[in-house]
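Visitor: I would like to learn how to read a structure like this one. Where should I begin?

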Amino acid sequence: MRSRFSAFAVGDEAYLLRSWAPETRPATVEFEPGMRWEALEIVGSTGGGPFHTAGTVEFRAHYRAHGRAGTLHEHSRFRRDDGEWVYVDGDITP
């Protein structure tokens with residue numbers, strides 16, 4: 001999760017696409033002009049250990065867009081493919 005947040009923060013589309021599950025991966029990643037990701041807060045997680053094949057992460061990603069602060073709150077699902085964790089999908093919480 002932290003590596004994906006960092007990739008969004010620096011605009012690393014290649015890493016994001018590699019770390020996405022093939023069945024839910026978009027063709028491209030659109031980065032919002034004027035948006036700056038500032039902090040990641042991990043609220044909770046399940047699974048994700050060395051012997052798990054799936055896990056979830058609840059997080060809040062804090063950003064600033066066009067001079068205004070905001071927060072993205074999401075429950076994300078991950079799974080291990082060939083030893084690597086990939087993002088499957090997530091539910092955004094208002």
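Guide: The turns below go through the sheet, its hairpins, the helix and the start of the chain. Keep in mind that this is a predicted model.

Visitor: In what order do the strands lie in the sheet?

Guide: To read a sheet, go across it from strand to strand. Here four strands make an open sheet, and the order is β1-β2-β3-β4 with antiparallel pairing. From one strand to the next, the twist averages 30°.

Visitor: Which strands stand at the edges?

Guide: Look for a strand with a single partner. β1 (35-47) and β4 are the edge strands, and each has a single partner strand, so one side of each has no neighbour in the sheet.

Visitor: How many bridges join β2 to β3?

Guide: Pairing is followed bridge by bridge. Strand β2, residues 54-65, is joined to strand β3, residues 68-81, by twelve bridges, and the two run antiparallel. One example is Ala54, whose bridge partner in β3 is Arg79. Further along, Phe59 stands opposite Glu74 in β3.

Visitor: And how many bridges pair β3 with β4?

Guide: There are nine bridges between β3 and strand β4 (residues 84-93), again in the antiparallel sense. Among the partners, His73 is bridged to Thr93 in β4.

Visitor: Where do the side chains of a strand point?

Guide: In a regular strand, side chains alternate between the two faces of the sheet.

Visitor: Which residue in the hairpin of β2 and β3 takes a positive phi?

Guide: For a hairpin, look at what lies between its strands. The hairpin of β2 and β3 has two residues there, and His66 takes a positive phi near 55°. The hairpin of β3 and β4 also has two residues between the strands, with Asp82 at a positive phi near 50°.

Visitor: Which strands does α1 lie across?

Guide: A helix can be described by what it crosses and by its angle to a strand. α1 lies across β1, β2, β3 and β4, and runs at about 165° to β1.

Visitor: Is Met1 buried, partly exposed or exposed, and why?

Guide: Met1 belongs to the segment before α1 (2-10). Its relative accessibility is 23%, so Met1 counts as partly exposed.

Visitor: Which residues is Met1 in contact with, apart from its neighbours within four places in sequence?

Guide: Compare positions in sequence with positions in space. Beyond those neighbours, Met1 contacts Leu40, Ile42, Val57, Phe59 and Phe78. Met1 and Val86 are 85 residues apart along the chain, while their C-alpha atoms are separated by 9.3 Å.

Technical notes
Residues are numbered from 1 along each chain as its sequence is written. This is a predicted model: local features need pLDDT of at least 70, side-chain atom pairs count only at pLDDT 80 or more; totals for chains, interfaces and linings use all residues. Side-chain values use heavy atoms; hydrogens and water are left out. Two strands pair if DSSP finds at least two bridges between them. Buried means under 20% relative accessible area, exposed over 50%, partly exposed in between (1.4 Å probe, protein chains only). Contact means heavy atoms within 4.5 Å. Axes are lines fitted to C-alpha atoms, for helices over the stretch in contact, and angles run from 0 to 180 degrees between N-to-C directions.
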